[in-house]
Amino acid sequence: MGQLEYNLPMPEIIEPFRIKSVEPIRFTTREQRDKILKDAKYNPFLIDGDDVLIDLLTDSGTSAMSAAQWGAIMTGDESYAGSRSFKRFEAKVREIFGFKHVIPTHQGRAAEKILMAIVGGAGKIIPNNHHFDTTRANVEFTGAQALDLVIDEGKDPDNLHPFKGNLDVAKLQRLLETGNGGLGKGQIPIGMITVTNNTGGGQPVSMANVKEVSATLRKAGIPFIIDSCRFAENAWFIKQREPGYADKTPKEIAQEMFSYADGATMSLKKDGFGNIGGFLALNDDELAEQARNLLILTEGFPTYGGLAGRDLEALAQGLDEVLDEHYLEDRTATIRYLANKLTEKGVKIVQPPGGHAVYIDAKRFYPQIPATQFPAQVFVNELYLEGGIRGVEIGSVMFGKCVDGVEHGADRELVRLALPRRVYTQAHVNYVADVISEMYDKREEAIGLKIVKQAPFLRHFTAELAPV
Ligand code: F0G
């Protein structure tokens, strides 16, 4: 019998799932998209989801649930009080996060709202590596100040620091000692860290930094809360990049990380594989009691919060699945793959690529377009027109300001391409890279935009624009 030699290269990383249930995506022609974009006033937030071929607007609530999650949904116990599904959810959150009190909410910002209502207030300062928009809004809504203390390397898009989400401990120490213009001392009710740092590019925080921040806050008697939306992705980066963690499982790493904290806020729409869900977890009995009292006002009874029993089942299952090494390897490799393809083409992105998204530097993509003509918005529009792909502008439409009719640009012009979990295949990612590659070849032809109508705050959601 002859020996057959197969020299086919084995792909090192493949999607670690097979597909049981599919959803068609809608193809449109360029002419159709041209009209859709005009009708949407050059703002992709105003485009219908059905008119998008590949939607990279967010990784939040857009994950594909597994067969086991859908199966768990059927076992949901919808008892108003003392639901079995809550018990399962609580046990799973305790197992990974280790906190005594688990308070379910309908999503992350509901947990933030409750926490900030208790600890916030005028004159207070809440430090974080980088507050996400909803966290900042919930802090500021109470009259408190939301302070970002990310390390300087985290602000430089080209810096290759392995943990660009780290919080600058020296700055935190100074804040604790001398205050922020005399305000800090005694005015800091909690300290936070966000893993991964979404606002800074999905960048991870090291275990060493979590430990140091924890020690610094605990010495001052200040509770330490982790915004843990993308905790599994963060744990994976620690495993890959931090000495001493290569042999630990993502779950062991997550458990250690949370052991240094006094509580967590969580959006299970990210690393919970949920389409909805969140929680606030705390160790302190008194804080937890106050939180549960507020929970009942707006979210619901403490054994379901803002969720149905079936949601709690699916989320408990999701929390197990998100820590799977094959999943996390594929997840981060997919982001890296897209990032590398774009970089090879010459597109400038925030380096190194983070855990859930690629952030493109539109300022350097369209150097001919000034911030006041919204280069990152031009990019998201061209991306839709060219390929039916939707990304999100994080630039002067989102963070710039119009004062007395004059536009003031933001300090960065980024486009976030966030990948929903377990939704798109490598062929989809190749297509995204090909479309951007074509845009790159035609980049000199692009022209700027102007805003013709805007709301007084959070204008990016509803702003109407037109080509200049
Ligand atoms: N914290 C971080 C770091 C987030 O990224 C988000 C949401 C939240 C809190 C709030 O959670 O949406 O469940 O209320 N980020 C989404 C995004 C919206 O697209 O990045 P939520």
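How do the residues of the shell around the ligand divide into nonpolar, polar and charged? The close-up views below take up this question and then turn to a pair of strands. The model is predicted, so that local features need pLDDT of at least 70 and side-chain atom pairs count only at pLDDT 80 or more, while totals for chains, interfaces and linings use all residues. Residues are numbered from 1 along each chain as its sequence is written, and side-chain values use heavy atoms, with hydrogens and water left out.

**View 1. The shell around the ligand.** The shell divides into two nonpolar, eight polar and seven charged residues, where Asp, Glu, Lys and Arg count as charged, Ala, Val, Leu, Ile, Met, Phe, Trp, Tyr, Cys and Pro as nonpolar, and the others, Gly among them, as polar. Of the 17 residues around the ligand (a heavy atom within 4 Å of it), Thr58, Arg109, Ser267, Lys270 and Arg416 come nearest. Helix α4 (residues 108-119) gives the largest share of this shell, three residues; helices (H or I, at least four residues) and strands (E, at least two) are DSSP runs, numbered from the N terminus.

**View 2. Polar contacts of the ligand.** In a polar contact, two N or O atoms lie within 3.5 Å. A side-chain N or O atom of Gln107 is 2.9 Å from an oxygen atom of the ligand, and a backbone N or O atom of Gly108 also lies 2.9 Å from a ligand oxygen atom. A polar side-chain atom of Asp227 lies 2.8 Å from a nitrogen atom of the ligand.

**View 3. Strands β3 and β4.** Strand β3 (residues 125-128) pairs with strand β4 (residues 145-148) in the parallel sense over four bridges, where pairing requires at least two DSSP bridges. Asn128 has Asp148 in β4 as its bridge partner.

Definitions and conventions. A polar contact is a pair of N or O atoms within 3.5 Å; within protein, one must be able to donate a hydrogen and the other to accept it, and residues adjacent in sequence count only if both atoms are side-chain atoms.
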